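Could you walk me through this model in the viewer, stop by stop? Please tell me what to select next and what I will find there.

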Amino acid sequence: MVFSSLEFILIFMPVFFTIYYAVPGKLKNPILLAGSITFYIVGTINHPVHLLIFMISILTDYTAGLLIEKHYKQKNFFLITAVIINLLNLGFFKYFPFIFSEAQKILPSININIHNILLPIGISFYTFQGISYIADVYKGKTKAEKSLLKFSVYITMFEQLIAGPIVKYSDVCEKLSNRNIKINHALNGLGTFIFGFGLKVLLANPLGKLWTDLKTIGYDSISTPLAWIGIFAFSLQIYLDFFGYSIMAIGLGKMLGFSIPKNFDFPYLSKTMTEFWRRWHITLGSWFREYIYIPLGGNRKGKIFTVLNLLAVWLLTGIWHGAGYNFLIWGFTLFLLIITEKYLTGKFLNRFSVIGHCYMFLAIPLTWAIFAIDDINQLSVFFSRLFPFFGAEPFSVFRYDYLKYINMYFPFLIAGFIFCTKLPYKLLKKIKSKAIIIFILISISATGIFCIFKGYNDPFLYFRF
């Protein structure tokens, strides 16, 4: 079940929130836990072992937190053990199939069916959330949660379970014990959810169709203009898709009585890649900074160690997003850009903002191309289309196949670019009439539901990470 599905919008939300608001405060945690588990079960109905793995992960982190706090002298052992269990669990499902398939290429005699090993939904997010909790207990930043119910609610909350944001325990611990849900907050949350729903269904999905069309045609058969249009479309799609999901999660959090941290801050307005990654997937960046970069020494041990620490962070960022050579290349490319900005070009790009924006106008789609195309050979073909004068077919720039796709997707491309800026959000804030706001939200809801009903819907991109 996903947020942008008829099952969630027309069945799960009305039933769950009717019960959730009807019960007294002391029953809200049990109802939220039951609803979240139901939400997860629907998504894993054909793979019940994934639910078992999820439950084991929750119990592991809950127990580790208690043991770390109770047995201070042995806290290193309990921390390391819990982290290893978490990473082995994540590593087996996320990376073992890729590693084994590569090993089979070298040793064909190895014959084990790895196609049955499917990635459990949300494992990357709930694993990192659990590790952040036990690390904070270890560092004394938070007290270990004694209530298994409250801890389970923290990990399983359906609004952020599948694709984040990654919520630290300190962000929600008070609300787990006592939350007063006011009707204006719930209505505001519903409006926020609907707006994110619109970004996902009405903009991200159509833009995704353009990128899908290019993959269907084959990168070797497209012109240079169409290649650029396609990768710009993907860049808009992945932002509006994930941004839309994050807004929906924040809206649901408000409806539940929680404050979920924002995950995006207009990243496409950045002047450097360093700034971009402070604004994109903020909770993941914060996680890597707090639990990897700083423990490694950050920038406190001189330039060489700073470079090595940044290399570790960006390679891990790439690997976290998926098992594949393209993700390693993507992470390493980001590292090169960021380290170059740190020691050479960053001040210049920030000082001359027009140049910085032009630089990012190219850097963003080019890095997303590496991210999006997992076949290295096809990635090479695609880049030969982006830069034809360095490839075998320089005349692909003069073909006119792109005219068809501009005609089909022009409104969505323009709207996508606009919604990457602050303009539409500033305009919305200026609307004081509640009637107009309600009309806009109803229009978004009705149009979005109609599109889903007609089959114009795609899964959230970050579900596969």
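Here is a tour of helices, rings and charged pairs in what is a predicted model.

**Stop 1: helix H15**

Begin by selecting residues 353-372, which make up helix H15. At 1.5 Å a residue, its 20 residues should span 28 Å, and the end C-alpha atoms are indeed 28 Å apart, so expectation and model agree. Now colour the buried residues of H15; among them are Gly-356, Met-360, Ala-363, Ile-364, Pro-365 and Trp-368. What do the buried residues of H15 pack against? Show helix H9 (183-217), H10, helix H11 (273-279), helix H13 (303-321), helix H14 (325-351) and helix H16 (376-386), and you have the packing partners on screen.

**Stop 2: Ser-235, on H10**

Stay with one of those partners and click on Ser-235, which is found in helix H10. Is Ser-235 buried or exposed? Its relative accessibility is 4%, so Ser-235 counts as buried. Setting aside neighbours within four places in sequence, its contacts are Tyr-268, Ile-364, Pro-365 and Trp-368. You have already coloured Ile-364, Pro-365 and Trp-368 as buried residues of H15. Next, draw a distance from a polar atom of the Ser-235 side chain to the backbone oxygen of Ile-231: you should read 2.8 Å.

**Stop 3: aromatic pairs**

Switch on the side chains of Phe, Tyr and Trp, since the structure holds 73 aromatic pairs. Take Tyr-239 and Phe-243 as one example: their ring centres are 5.1 Å apart, with 10 degrees between the planes, and the pair is stacked. Both residues sit in helix H10 (residues 224-256), and because they are four residues apart there, about one helical turn separates them. Tyr-239 and Phe-243 are both buried. For another geometry, move to Trp-287 and Phe-288, where the centres are 5.6 Å apart and the planes stand at 80 degrees, so this pair is edge-to-face. Here too, Trp-287 and Phe-288 are buried.

**Stop 4: Tyr-425**

Keep Phe-243 visible and add Tyr-425, which lies in helix H18 (residues 423-430). With 12% relative accessibility, Tyr-425 counts as buried. Beyond neighbours within four places in sequence, Tyr-425 is in contact with Phe-195, Leu-199, Phe-243, Phe-266 and Phe-419. Phe-419 deserves a second click: the Tyr-425 side chain reaches its backbone oxygen at 2.9 Å.

**Stop 5: charges over rings**

Two lysines come next. Select Lys-28 with Tyr-20, and you will see the charged end of Lys-28 over the ring of Tyr-20, 4.9 Å from its centre. Then go to Lys-94, which lies over the face of Trp-320, at 4.9 Å from the ring centre.

**Stop 6: salt bridges**

Side chains of opposite charge can pair when their charged atoms come close. How many salt bridges are counted here? The count comes to seven.

Select Lys-200 and Asp-241, a salt bridge whose closest N and O atoms are 2.7 Å apart. Lys-200 belongs to helix H9 and Asp-241 to helix H10, so the pair ties together parts that are 41 residues apart in sequence. Lys-200 has 0% relative accessibility and counts as buried, and Asp-241, at 1%, is buried as well.

Now turn to Glu-69 and Lys-146, whose closest N and O atoms are 2.8 Å apart in another salt bridge. Glu-69 lies in helix H3 (residues 48-70), while Lys-146 is in the loop between helix H5 (123-138) and helix H6 (148-156), so parts 77 residues apart in sequence are tied together. Glu-69 is partly exposed, at 30% relative accessible area, whereas Lys-146 is exposed, at 54% relative accessibility.

Finally, select Glu-290 and Lys-141, a salt bridge at 2.9 Å between the closest N and O atoms. Glu-290 lies in helix H12 (residues 282-296) and Lys-141 in the loop between H5 and H6, so this pair links parts that are 149 residues apart in sequence. Glu-290 is buried, with 18% relative accessibility. Add Lys-168 to the selection: salt bridges with shared partners join Lys-141, Lys-168 and Glu-290 into one network.

How values were computed: Residues are numbered from 1 along each chain as its sequence is written. This is a predicted model: local features need pLDDT of at least 70, side-chain atom pairs count only at pLDDT 80 or more; totals for chains, interfaces and linings use all residues. Side-chain values use heavy atoms; hydrogens and water are left out. Rings of Phe, Tyr and Trp (its six-membered ring) pair if their centres lie within 6.5 Å; planes under 30 degrees apart count as stacked, over 60 as edge-to-face and the rest as tilted. Helices (H or I, at least four residues) and strands (E, at least two) are DSSP runs, numbered from the N terminus. Buried means under 20% relative accessible area, exposed over 50%, partly exposed in between (1.4 Å probe, protein chains only). A charge sits over a ring if NZ of Lys or CZ of Arg is within 6 Å of the ring centre and within 35 degrees of the ring normal. The expected span of a helix is 1.5 Å times one less than its number of residues. Contact means heavy atoms within 4.5 Å. A polar contact is a pair of N or O atoms within 3.5 Å; within protein, one must be able to donate a hydrogen and the other to accept it, and residues adjacent in sequence count only if both atoms are side-chain atoms. A salt bridge is a side-chain nitrogen of Lys or Arg within 4 Å of a carboxyl oxygen of Asp or Glu.
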